[in-house]
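Reader: I'm new to this one and don't quite know where to look. Please take a close look at the nonpolar side of things for me, from the surface inwards.

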Amino acid sequence: MSKLFNLGPNTFWLDVHGFLMFVILVFSAFLFGAIFFAKNADAVLVRRLKISSVVTFVALMLLMISGIIPDVGFGPASVFAGTIHNDFGTFTSHVTDDSLGNFTGPLLFDMMEHVSLIVPGLAAVVGALIWHYKERVITVQAIRRSVLSLMILTGAWTLAIGGIGVYITKVLTFPVGS
């Protein structure tokens with residue numbers, strides 16, 4: 001009897017990782033849009049900015065942790081190499097020990113782990129500015145530009161790290177055409 005769902009612990013953590021990225025996208029888009037488009041700040045908007053900044057920071061921390069947890073040795077290449085038959089057709093995978101070794105591509109993976117610590121730090125600075133300056137984040141142009149600039153830098157850094165992660169897991173581990 002086959003299983004309807006095959007969900008191992010690493011699959012769970014990678015799904016959590018993907019879900020957290022979606023949560024971060026939603027809350028950071030609200031933060032940026034609310035600060036960029038709002039002209040007047042009321043107590044409700046300030047409270048929503050504070051909540052969103054905390055949720056974004058916590059989600060970024062959890063994103064970083066959930067990306068590290070499933071990083072374990074995959075085992076020998078023979079586990080991944082072979083022919084697969086399913087409803088979509090027959091597929092042959094040629095995975096070698098070298099391509100599995102690239103999963104942790106030493107330079108890229110180390111770089112991704114170390115620079116990922118900066119993203120929650122930047123998000124914490126944005127949150128601290130929102131909590132400290134409250135409505136002035138929207139009404140004072142210098143503070144507004146500073147917060148928006150930090151948010152753009154945080155977003156760009158997150159996209160760069162995400163790009164490295166996708167490259168490591170999708171290209172180096174299982175090269176196109178393998």
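Author: Let's start from the outside: the protein chain exposes about 11200 Å², with carbon and sulfur atoms supplying 70% of it. Areas here come from the Shrake-Rupley method with a 1.4 Å probe, and for residues only the protein chains shown count as cover. Keep in mind that this is a predicted model, where local features need pLDDT of at least 70, side-chain atom pairs count only at pLDDT 80 or more, and totals for chains, interfaces and linings use all residues. Residues are numbered from 1 along each chain as its sequence is written, and side-chain values use heavy atoms, with hydrogens and water left out.

Of the chain's 178 residues, 30% count as buried. Buried means under 20% relative accessible area, exposed means over 50%, and partly exposed is in between (1.4 Å probe, protein chains only). The chain has seven helices and two strands, and along the sequence they follow the pattern α-α-β-β-α-α-α-α-α. Helices (H or I, at least four residues) and strands (E, at least two) are DSSP runs, numbered from the N terminus.

Now for the nonpolar patch on the surface. Val54, Val58, Leu62, Ile65, Ile69 and Trp131 make it, and it covers about 500 Å². To be in a patch, a residue needs over 30% relative accessible area and no salt bridge; like charges are joined within 9 Å, and nonpolar side chains (Val, Leu, Ile, Met, Phe, Trp, Tyr) within 5 Å. A salt bridge, for its part, is a side-chain nitrogen of Lys or Arg within 4 Å of a carboxyl oxygen of Asp or Glu. Helix H2 (residues 43-68) gives the largest share of the patch, four residues.

Leu62, one of the patch residues, sits in H2 and counts as partly exposed because its relative accessibility is 42%. Leu62 also leads us inwards, since it is in contact (heavy atoms within 4.5 Å) with Leu20. Leu20 lies in helix H1 and, at 9% relative accessibility, counts as buried. Leaving aside neighbours within four places in sequence, Leu20 also touches Ala59, Leu63 and Ser66. Another residue to look at here is Met64: Leu20 and Met64 are 44 residues apart in sequence, yet 9.6 Å apart in space, C-alpha to C-alpha.

Elsewhere in H2 you'll find Ser52, which is buried at a relative accessible area of 5%. Setting aside residues up to four places away in sequence, Ser52 touches Phe27, Phe30 and Leu31. Contacts that span a long stretch of sequence are a theme of the whole chain: among those between residues at least 6 apart, 75% join residues at least 24 apart.

So what's on the inside? A nonpolar core is a set of buried Ala, Val, Leu, Ile, Met, Phe, Trp, Tyr and Cys residues joined through side-chain atoms within 4.5 Å. The largest one has 14 residues, and Ile35, Leu45, Leu49, Ile130, Val137, Val147 and Met151 touch the most other members. Helix H1 (9-37), H2, helix H5 (118-133), helix H6 (136-139) and helix H7 (141-172) each supply at least two residues of this core, and H7 gives the most, with four residues. Apart from this core lies another, of nine residues, among them Val23, Val119, Ala123 and Ile161. To get a feel for the bigger core, pick out Leu49: not counting residues up to four places away in sequence, it touches Phe30, Leu31, Ala34, Ile35, Ile130 and Ile138.

Last stop, the aromatic rings. Rings of Phe, Tyr and Trp (its six-membered ring) pair if their centres lie within 6.5 Å; planes under 30 degrees apart count as stacked, over 60 as edge-to-face and the rest as tilted. That gives two aromatic pairs. Phe32 and Phe36 are stacked, because their ring centres are 5.7 Å apart and their planes at 10°. Both lie in H1, four residues apart, about one turn of the helix. Phe32 is partly exposed at 27% relative accessibility, and Phe36 is partly exposed too, at 40%. The rings of Phe36 and Phe37 have centres 4.9 Å apart and planes at 90°, so that pair is edge-to-face. Phe37 counts as exposed, at 62% relative accessibility. Put together, Phe32, Phe36 and Phe37 form one aromatic cluster.
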